[in-house]
Every structure is written in C-alpha cells, then in structure tokens.
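This report describes selected local features of one protein chain. The sequence and the structure are shown first.

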Amino acid sequence: MSGRHFLQIPGPTNVPERVLRAIDSATIDHRGPDFSQLGLEIFSGLQKVFKTSQPVVVFPASGTGAWEAALVNCLSPGDQVLMYETGHFATAWCNLARRCGLQPTLIPADWRHGADPDHIAAKLSEDTSHRIKAVCVVHNETSTGVTSSIIDIRAAVDRVAHPALLMVDTISSLASIDYRHDEWGVDITVAGSQKGLMLPPGLSFNAVSERALKASQSATLPKAYWSWQEMLQANKQGFFPYTPATNLLYGLREAISMLLQEGLDNVFARHARLAQATRCAVQAWGLEILCLNPQEQSNSLTAVLMPKGHDADAFRALVLEHFNMSLGNGLSKLSGKVFRIGHLGDFNDLMLTGTLGGVEMGLELAGVPYKKGGVQAALDYLTATAVHDKNRASVEVA
Ligand SMILES: *Cc1c(COP(=O)(O)O)cnc(C)c1O
C-alpha cells in the first residue's frame with residue numbers, strides 16, 4: 001500500500017523523524033569518554049520529564065521489566081502488596097508480583113473506573129500491623145482508557161498513615177498526561193519508551209524516591225540484572241554496569257529535547273485537546289466510551305465499546321485491510337468487545353482527523369450501526385480550539 005501506515009494503537013506509537021535520525025548513528029564505546037556525556041544528559045533530562053530531583057534508572061527492557069525491577073528492588077519474599085484492578089495491565093502486574101514470590105491482593109473492579117482512593121484507604125486501615133509493604137497503581141490503564149488520580153491515592157495512603165511504598169505504572173501516561181513523581185509523593189514510577197516518549201520499544205524506567213532507595217537496602221527478593229545499586233553507582237559518571245541500548249539512548253536524548261522544546265505543559269494540553277476531539281467523534285457516532293467517568297477518560301487513548309453483535313476484531317481487520325491503519329484490540333476480557341484509538345506521542349490535528357476518518361469509514365463498511373458526523377464533530381472541536389497566533393500574518397487579503 002502506498003502512503004504511510006497509520007499506527008494508532010496506544011503504544012508503540014509513531015516515532016518522529018527526528019528520533020529515527022538520532023537513532024541512525026554509529027554505536028559508540030559504552031565505556032568510552034563520549035558515552036559519559038550522553039548518559040549524564042539523559043539522566044538529567046529524564047528528571048525533568050518525571051518531575052523529580054531523584055535518580056531515574058534506565059533498563060534495556062520492555063515495561064514489564066521495569067514492573068519487576070520496582071518490586072524486586074524494594075520487597076522481600078512473602079511481602080503483601082495491594083493492587084487495584086483497573087484492567088488488563090493492573091492484573092498482569094499483579095500476576096507478575098505473585099510469580100516474584102510476593103502476596104498481592106487485587107482489589108476487584110469493573111474495568112470502567114479508575115482506582116478508588118477510598119477503597120484503597122479502607123484496605124490499608126484494616127492492615128493495622130502494616131503487613132502491606134507496597135500499593136501499586138496503574139496511572140493510565142491502557143486496556144480501558146481510564147486514568148486514575150495519583151494525587152488522591154497518595155492522599156488516601158497518608159490519611160490512614162500507612163507506611164506502604166507507593167508504586168505507579170506510568171507506561172502510557174508519562175509525557176502525555178500530567179505526572180509529578182516528587183510532588184505527588186510517589187516512591188517508584190515505572191515507565192517505558194514506546195508510548196508517550198515516542199521511542200521504539202526497548203527501554204524502561206524506574207524513578208526512585210529516597211524511601212524506595214532505603215527500602216532497597218534491606219529488601220531480600222533476589223535481584224541481579226534489575227539491581228538499582230550497581231546501576232546508580234555507574235550512572236553517577238554517566239555509565240551503565242552492562243551494555244546499554246546505546247542507539248535507543250540517542251533516540252531518548254532527542255525525544256527528551258523535543259518534549260522540553262515544546263514544553264511539558266504544552267505537550268499535556270495537546271494530548272488533552274486531541275483526546276477531547278476524539279471523544280466528540282465517538283459521541284457523535286452514538287458509540288459508547290468504555291470509561292464511565294468523564295473526569296477519568298484518558299488523554300492518551302480512547303477505548304470504544306462495539307455495539308452488541310459486532311466483533312471489534314473483525315472491524316479492526318477491515319480497517320487495516322482497507323485503510324492501512326492499526327487500531328488497538330480489546331485485551332483479555334475485553335477481547336472482541338472494544339477497539340482502542342491511540343492518540344498519544346508524536347501526534348497532531350491532521351493525524352487525528354485521518355485516524356477518525358478511517359474509523360468512520362470502517363464503521364460504514366463493517367455495517368456497524370452508528371450515526372454519521374463523528375469526523376465533522378472532531379473537526380468542529382479542533383477548529384474552535386485551534387490556537388490563534390496573533391503575530392502570524394493574516395490570511396485575509398487587504
Ligand atoms: C504497555 C503497557 C505495559 C506493558 O509494557 P511492555 O513494554 O509491553 O512490557 C504495562 N503497563 C501499561 C499501563 C502499559 O500501557
């Protein structure tokens with residue numbers, strides 16, 4: 001097919017040309033003098049993106065590796081961990097915790113709401129002997145398009161004065177949705193390269209608080225490849241204890257510089273606006289957004305429920321075949337029931353309208369009952385909210 005493929009899954013996202021060009025450079029000696037400069041630049045840039053003055057550890061791994069790293073660095077065999085079932089990813093993190101030798105409790109929920117701070121507080125206040133060592137929450141549940149309020153969850157933990165560490169998965173929110181590691185009192189922030197950070201898959205991160213570092217000194221789960229200690233020692237000089245993913249780090253340096261040039265607040269506002277335009281389209285189509293609470297609807301992706309009797313995967317296959325666009329599938333119990341529109345990363349108004357055009361044409365071709373006009377609703381919203389730069393030359397002829 002000619003023209004560009006539309007990669008509108010909620011990660012991996014479209015990698016900008018600038019990042020691709022940066023990756024396309026000679027691999028250097030990771031123990032040589034030039035490397036140290038690259039490493040130090042990346043660590044200080046990452047601190048700005050995570051909004052932390054504390055270290056950010058970089059692993060050559062998928063996000064799943066950073067989940068495991070967060071747990072094994074701070075916890076001991078048999079430790080209790082409190083998790084909240086926001087969707088597929090929260091459940092997968094819980095299963096991973098169990099396989100690591102922990103005793104996770106997953107607060108059951110309906111996959112249509114964010115993590116409930118009061119429910120977490122209630123569970124913690126029952127734990128009078130403080131056997132729960134960590135609370136783990138997914139900030140933006142990518143399987144459902146629901147964003148949880150981390151600041152409210154922190155407040156809930158504080159309200160019951162429970163000493164558990166707070167671990168947050170920001171794999172599909174970092175650099176797309178406002179996030180503040182230090183200010184929100186998060187102990188470990190888990191992130192990955194292939195979503196808001198606009199890189200290919202292959203890097204993941206742990207931002208680490210002082211409390212988490214302290215906990216890691218007495219934690220006894222086995223940790224070798226994931227150990228922060230060796231990492232942080234080498235990172236001080238801009239190096240890594242083992243061979244890093246050098247070319248992805250070139251890309252990361254470029255991606256951070258793009259984000260900081262745009263300004264993080266502008267990045268978040270861009271995502272919020274494109275997400276709202278997407279929701280305008282879905283509403284105009286008369287389809288249902290999976291996330292029930294408008295305040296929790298994600299700015300990085302939208303999960304759309306397929307009308308009964310219609311298979312979301314057949315619809316996605318048709319869109320791929322006719323329009324060369326990949327949409328996200330329904331995960332685990334949502335399989336065949338939802339499709340997900342990724343609107344995060346290197347993304348703009350026309351990429352969104354192209355995406356929504358593909359969805360609307362797909363609905364028509366697939367015979368899904370819908371109302372026309374979703375794309376128009378998005379165009380109207382985008383036009384009404386287009387930022388008008390008064391300094392730019394007028395298009396009117398005098
Ligand atoms: C993508 C994603 C993961 C998994 O990351 P991998 O890189 O596939 O291991 C975990 N959590 C969330 C919220 C995600 O969006």
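In this predicted model, 3 strands form an open antiparallel sheet in the order E11-E12-E14. Strands E11 and E14 are the edge strands, each pairing on one side only. E11 and E12 run antiparallel and are joined by 2 bridges. Across this pairing, Ile289 has Val304 of E12 as its bridge partner.

The residue ranges of the three strands are as follows.

| Strand | Residues |
|---|---|
| E11 | 288-289 |
| E12 | 301-305 |
| E14 | 338-342 |

Helix H11 comprises the 12 residues 312-323. At 1.5 Å a residue, H11 should span 16 Å, and its end C-alpha atoms are 16 Å apart, so the expected span and the model agree. The buried residues of H11 are Ala312, Phe315, Leu318 and Val319. Because these residues cover an arc of only 120 degrees around the axis, they lie on the same side of H11. Their cover includes strand E13 (325-327), helix H12 (349-365) and E14, the last of these being an edge strand of the sheet described above. Just after H11, Asn324 takes a positive phi of about 55 degrees.

A further site of interest is Ser176, which lies in the loop between strand E8 (165-169) and strand E9 (188-192). Is this loop residue buried or exposed? Ser176 has a relative accessible area of 1%, under the 20% cut-off, and is therefore buried. Leaving aside residues up to four places away in sequence, Ser176 touches Gly196, Val267, Phe268, His271, Ser300, Leu344 and Gly345.

Technical notes:
Residues are numbered from 1 along each chain as its sequence is written. This is a predicted model: local features need pLDDT of at least 70, side-chain atom pairs count only at pLDDT 80 or more; totals for chains, interfaces and linings use all residues. Side-chain values use heavy atoms; hydrogens and water are left out. Helices (H or I, at least four residues) and strands (E, at least two) are DSSP runs, numbered from the N terminus. Buried means under 20% relative accessible area, exposed over 50%, partly exposed in between (1.4 Å probe, protein chains only). Contact means heavy atoms within 4.5 Å. Two strands pair if DSSP finds at least two bridges between them. The expected span of a helix is 1.5 Å times one less than its number of residues. The arc is that of the directions from the helix axis to the C-beta atoms.
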